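Visitor: Could you take me through one part of this model slowly, as you would for a fellow modeller? I would like a close look at how the helices pack, and then at the backbone around them.

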Amino acid sequence: MNTILLLEDDRNLNRGISLKLRKEGYDVLSAFSVREARELFRTGKPDMIISDITLPDGSGLDFCSEIRRKSNVFILFLTALDSEIDVVSGYDIGADDYITKPFSLMILVSKVHAFMRRANNVPKTRICSGGIAVSYPEMNAYSISGDTAGSAAEPLPLSKKELQLLVFFMEHARQVLTKEQILEHVWDADGQFVDENTLPVTISRLKGKLNGTYIQNVRGIGYIWTEESFRE
C-alpha cells in the first residue's frame, strides 16, 4: 500500500482529504505542523507528500526543500497562495505539482493516482544511508556529501563480501541482525561452515573503510545498522 504524508493545518480539510484518499486505497499520515510532518516522514517513509505552504510553525516550502535534499519522494503543494511567484517558488524547491484552493477532490485524487503509477513504475537504482550510497546496477559503494544527488561522491574500495555485507545492513537498517542471519545471507551458510572469526573480521574491515559509527555490536545477539536508509 502506498503511503501519503498530508501536511495541512486546517483540521476539517485534512480530515476530508485523508478520508477520500483512504477510500482510494492509500495509507495517509496526517500532520498539522512542520514538526509533526518531519517526524512522520522519518518514521513513516511516505511515497508522496501533499503539503500546504502557510503553516503554524513554519513554511511548507522550507519543509519540502529540506526533504528534497535527501529524498526524491513526490511532492504536491496544496495552497491558497496562487501568485506566479508562489507557483515558481514551489517548483524551484523541487515540487512535482501545485494545486490551489479551492480545488476538486477528484482532481487531487487523479493527480495522486498518476504520481503513484509513476512511483511504482520507476525502478529504485540505489540505496542511501547517512553518508553512504550503493548503486544497484553497478554494485559500487560511494561516500557521499551534500545532497543525495551524489555530485560529490567518492568510491569506497570494498571487497565483494564487504559490499554484500554493507548492502544487507543498509537494506535492514535499524534492525538487529543475528550473526546467523548475516552468515546465511552473505556467506550462504548457517555459520558452522565458516570460521567463527570471519564475520567479526569482515565487519571490522568494513567499519574501518566507512569511517563512521554505522555498525554497532548488540551484545550476545549480533549487529545493527544505526542509520535510516532509503531507496531512490
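Guide: Gladly; here is a walk through the helix pairs, followed by a few single residues.

A word on conventions comes before the details. This is a predicted model, in which local features need pLDDT of at least 70 and side-chain atom pairs count only at pLDDT 80 or more, while totals for chains, interfaces and linings use all residues. Residues are numbered from 1 along each chain as its sequence is written, and side-chain values use heavy atoms, with hydrogens and water left out.

The protein chain has eight helices and 15 strands; these are DSSP runs, numbered from the N terminus, with H or I of at least four residues for helices and E of at least two for strands. Of its 232 residues, 44% are buried, where buried means under 20% relative accessible area, exposed means over 50%, and partly exposed lies in between (1.4 Å probe, protein chains only). Taking contact as heavy atoms within 4.5 Å, residues 24 or more positions apart account for 58% of the contacts with a separation of 6 or more.

Now to the packing. Two packed helices are described by the angle between their axes and the distance between the axes. Axes here are lines fitted to C-alpha atoms, for helices over the stretch in contact, and angles run from 0 to 180 degrees between N-to-C directions.

Start with helix H2 (residues 34-44) and helix H3 (residues 60-68), whose axes are 10 Å apart at an angle of about 20°. H2 and H3 are therefore roughly parallel to each other, since angles under 35 degrees count as roughly parallel, over 145 as roughly antiparallel, 65 to 115 as roughly perpendicular and the rest as oblique. The crossing of H2 and H3 is right-handed, meaning that the near helix is turned clockwise from the far one by less than a right angle, with anticlockwise giving left-handed. H2 brings Val34, Ala37, Arg38 and Phe41 to the contact, and H3 brings Phe63, Glu66 and Ile67. By class, the contact of H2 with H3 has five nonpolar, no polar and two charged residues (nonpolar: Ala, Val, Leu, Ile, Met, Phe, Trp, Tyr, Cys and Pro; charged: Asp, Glu, Lys and Arg; polar: the others, Gly among them).

The second pair is helix H1 (residues 11-23) with helix H5 (residues 105-121), at about 50° and with axes 11 Å apart. H1 and H5 are therefore oblique to each other, and H1 passes H5 in a right-handed crossing. Here Ile17, Lys20 and Leu21 of H1 meet Leu105, Met106, Leu108, Val109 and Val112 of H5. That contact has seven nonpolar, no polar and one charged residues.

Just before H5, the loop between strand E7 (97-100) and H5 holds Pro102, and the peptide bond from Lys101 to Pro102 is cis, with omega near -5°. Most residues other than glycine have a negative phi, and most peptide bonds are trans. Lys45, in the loop between H2 and E3, has a positive phi near 50° and is partly exposed at 46% relative accessibility. Arg174, in the loop between H6 and strand E12 (176-178), has a positive phi near 60° and is partly exposed at 42%.

Finally, Ser51 in strand E3 (residues 48-51) counts as buried at 0% relative accessibility. Not counting residues up to four places away in sequence, Ser51 touches Leu7, Gly60, Cys64, Leu76, Phe77 and Leu78.
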